[in-house]
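User: I'd like a close look at the aromatic side chains in this protein. Could you walk me through them once the structure is up?

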Amino acid sequence: MTSMNDYKQASPLSETVRYEERQGVALIVIDNPPVNGLGDTVRRGIAQGIVRAQANAAVKAVVLRGQGKVFCGGADIRQFNTAAATASPMLRQVNLSIERCTKPVVACIHGVALGGGLELALACHYRVADSSARMGLPEVNLGLVPGGGGTQRLPRLIGVADAARLITSGKHVGAKEALQLGLVDAIFEDDLEQACMAFALSMADSHPVLPVLADIQVPPPEGELPDFDRLHIGINPKARNAIAQRAAILCVKSAMDLPFEQGLDKERELFEELVAGEPSKSLRHMFFAEKEAAKFVGKDCDVAEGHICRVGILGAGTMGGGIAMAFANAGIPVVLCEREQAALDRGMALIERNYQISVSRGGLTAEAVKERMQHIQRTLDLSAFAEVDLVIEAVFEDMAVKRDVFVQLDRICRKGAILATNTSRLNINEIAAVTRRPNDVIGLHFFSPANVMKLLEVVRGELTADAVIARCMQMAVAIGKIPVLVGVCEGFVGNRMLTGYWREAGFLLEEGATVQQIDAAMQAFGFAMGPLAMADLAGLDINWATRKRLASTRASHLRYSRVADSICEQGRFGQKTGAGYYRYEAGNRTPISDPFVEALITDCAREAGIERRRVSDEEIVERCVLALVNEGARIVDEGIAQRASDVDVVYVNGYGFPAWRGGPMFYAQSLGWTQVLAKIRDLHTRHGEHWIVAPWIEKQALNDILAQP
């Protein structure tokens with residue numbers, strides 16, 4: 001029977017940490033929802049709890065656990081670059097107090113232990129995990145290195161090679177792998193807290209000398225030492241977090257080369273350098289922007305009919321097949337429909353080929369591919385869509401074709417089913433108008449290849465119900481996409497902004513830049529591809545058709561470059577025809593410069609009365625990027641995007657804008673809105689009406705001025 005002395009009521013140590021004693025075990029509980037982040041009040045509470053447990057002779061062991069769904073999700077990222085981030089005690093001090101406690105301290109890990117949360121657990125003498133727990137040091141994904149001793153303790157616990165792999169990749173490991181690595185000491189299935197308390201007491205009784213990672217010597221046993229030079233060379237220089245990955249390697253190497261405290265100093269030095277830099281600030285901005293973009297709060301969302309459990313896809317081409325794979329990969333059954341058997345067979349063959357590529361690269365097993373293929377039902381009969389929860393058309397980009405399709409879908413699909421179009425530009429309201437249920441019609445603009453690209457523009461029609469939007473946003477997250485809710489306009493967010501981007505590239509060509517120079521300048525800025533190589537990849541005919549469709553809406557006083565149209569008039573549509581801005585050899589996607597195009601550009605400039613000149617790389621970058629910024633600002637002003645950060649999410653995840661610059665709007669903010677305003681006004685003076693400044697930018701500049709002390 002438990003006596004009153006075996007249990008003491010929980011008492012707060014700080015606003016986010018409480019303390020209680022049970023049967024000789026001190027329980028220090030982090031209660032800082034939603035992820036028990038290591039903010040200043042948490043750090044202070046844990047440190048006080050260790051002092052209190054150490055001072056009580058009745059306490060034999062300490063268990064550190066998290067309240068709610070997780071142990072600890074890491075540092076409070078929002079506190080970075082603020083006074084709270086450096087408030088005493090720092091995590092380094094907290095971890096030192098845990099390590100030097102003379103009573104066993106056991107980390108009781110459930111849910112996740114990530115970043116600073118895992119560093120906290122590493123400072124404990126032992127780690128016990130729930131079988132479903134996941135652990136990792138993902139700081140490199142935010143452009144950082146672990147700053148609480150992770151790069152120094154982890155190599156001492158699991159070896160330098162495995163530590164370097166985990167830290168530079170930022171990947172999580174499950175409890176089973178963690179046990180194999182030696183990262184945790186035990187796994188328990190049921191009643192983790194009670195099991196952890198029993199484990200802690202057994203350690204107190206049987207292990208008088210506590211394992212302290214700070215006291216372990218590195219390097220590891222012979223044969224385990226990684227080739228640090230090879231690790232450096234192996235980092236993709238175009239990776240969004242390449243700078244942080246290189247710094248992480250230096251930190252791990254310092255665990256071998258330096259005494260423990262000096263290694264901590266080196267880790268902290270690199271952390272502070274990175275946290276103050278623009279790349280990490282940009283990546284942290286993207287981290288929060290992507291989370292915010294996925295949120296939607298509307299009216300009557302509680303009436304949503306639940307999860308989307310079965311999906312119909314009309315069209316088995318490249319896009320339709322990719323969408324089918326995206327759902328099959330998430331375990332959601334798909335009905336894939338085509339008009340003709342040959343087209344359906346081609347589509348399925350492409351899906352199979354894509355999966356086999358993943359198998360050859362080690363990303364999937366043959367069994368996994370078989371399971372995913374079984375999720376895809378094939379049909380030539382539209383009536384197979386009668387019971388699906390969502391149908392997505394991925395047919396030819398023509399309004400008449402799409403309207404005809406939606407008339408049929410409206411007749412076949414059950415009441416409450418969502419009817420979605422994958423259009424990249426067309427007016428959702430016009431499509432919805434041919435149905436008897438416009439409230440159930442929505443745009444789901446996937447990006448090619450749809451099974452790989454993360455971005456999904458969720459296009460809200462004028463009459464689309466909030467419950468439909470909510471279900472589609474939830475579905476997007478379930479299949480691993482990053483959804484961004486956008487409104488109806490020509491090109492939505494991403495493609496609308498491309499118009500100005502390509503416009504400036506065309507003008508710059510006429511004014512004296514070369515195709516190669518423009519692409520090289522934008523790649524040096526950080527884009528995955530230059531605008532002209534990207535146009536060749538996408539297909540020049542697609543945007544040519546759009547320009548012709550919209551020709552009657554163009555303002556007569558605005559000048560347009562003739563370069564892109566002239567290239568298309570030669571039958572050069574990019575990679576698909578072996579020639580566009582560049583030429584391409586058969587079976588090879590490598591762009592090759594083409595004198596024919598240079599001559600054509602010269603002719604266009606002469607016809608437009610333009611005297612060509614030397615154009616600098618700096619001018620190329622400024623005009624192309626500010627064209628994105630100015631149009632992005634108009635989109636925010638018009639309410640097409642809910643927030644400026646949504647524009648950044650679209651451009652980083654769908655159009656190759658460098659994540660380490662934070663997207664076009666965050667990049668402009670980092671330059672300063674007053675400077676951006678001045679630059680665009682200057683471009684307006686020099687280059688005309690295309691550069692009328694967006695009112696939203698003027699507002700931001702005014703706010704910056706008013707905010708100055």
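Over the ring of which residue does the charged end of Arg 503 sit?

Analyst: Happy to help! A word on the basis: this is a predicted model, where local features need pLDDT of at least 70 and side-chain atom pairs count only at pLDDT 80 or more, while totals for chains, interfaces and linings use all residues. Residues are numbered from 1 along each chain as its sequence is written, and side-chain values use heavy atoms, with hydrogens and water left out.

The ring is that of Trp 691: the charged end of Arg 503 sits over it, 5.5 Å from its centre. To count as sitting over a ring, NZ of Lys or CZ of Arg must be within 6 Å of the ring centre and within 35 degrees of the ring normal. Lys 548 makes such an arrangement too, with its charged end over the ring of Trp 544, 3.7 Å from the centre.

Now to rings meeting rings. Searching the whole structure gives 13 aromatic pairs; rings of Phe, Tyr and Trp (its six-membered ring) pair if their centres lie within 6.5 Å, and planes under 30 degrees apart count as stacked, over 60 as edge-to-face and the rest as tilted. One of them joins Phe 447 and Tyr 655, which are edge-to-face because their planes stand at 85 degrees, with centres 5.5 Å apart. Phe 447 belongs to the loop between strand 16 (441-446) and strand 17 (455-459), and Tyr 655 to the loop between helix 25 (644-654) and helix 26 (663-671), so this pair ties together parts 208 residues apart in sequence. Helices (H or I, at least four residues) and strands (E, at least two) are DSSP runs, numbered from the N terminus. Both Phe 447 and Tyr 655 are buried, meaning under 20% relative accessible area (exposed is over 50%, partly exposed in between; 1.4 Å probe, protein chains only).

The loop between helix 25 and helix 26 also holds Phe 657, whose partner Phe 527 lies in the loop between helix 19 (515-525) and helix 20 (531-538), so here the pair ties together parts 130 residues apart in sequence. The ring centres of Phe 527 and Phe 657 are 5.1 Å apart and their planes meet at 75 degrees, so this pair is edge-to-face. Phe 527 and Phe 657 are both buried. Following the ring pairs outward, you reach a cluster that links Tyr 501, Phe 525, Phe 527, Phe 657 and Tyr 667.
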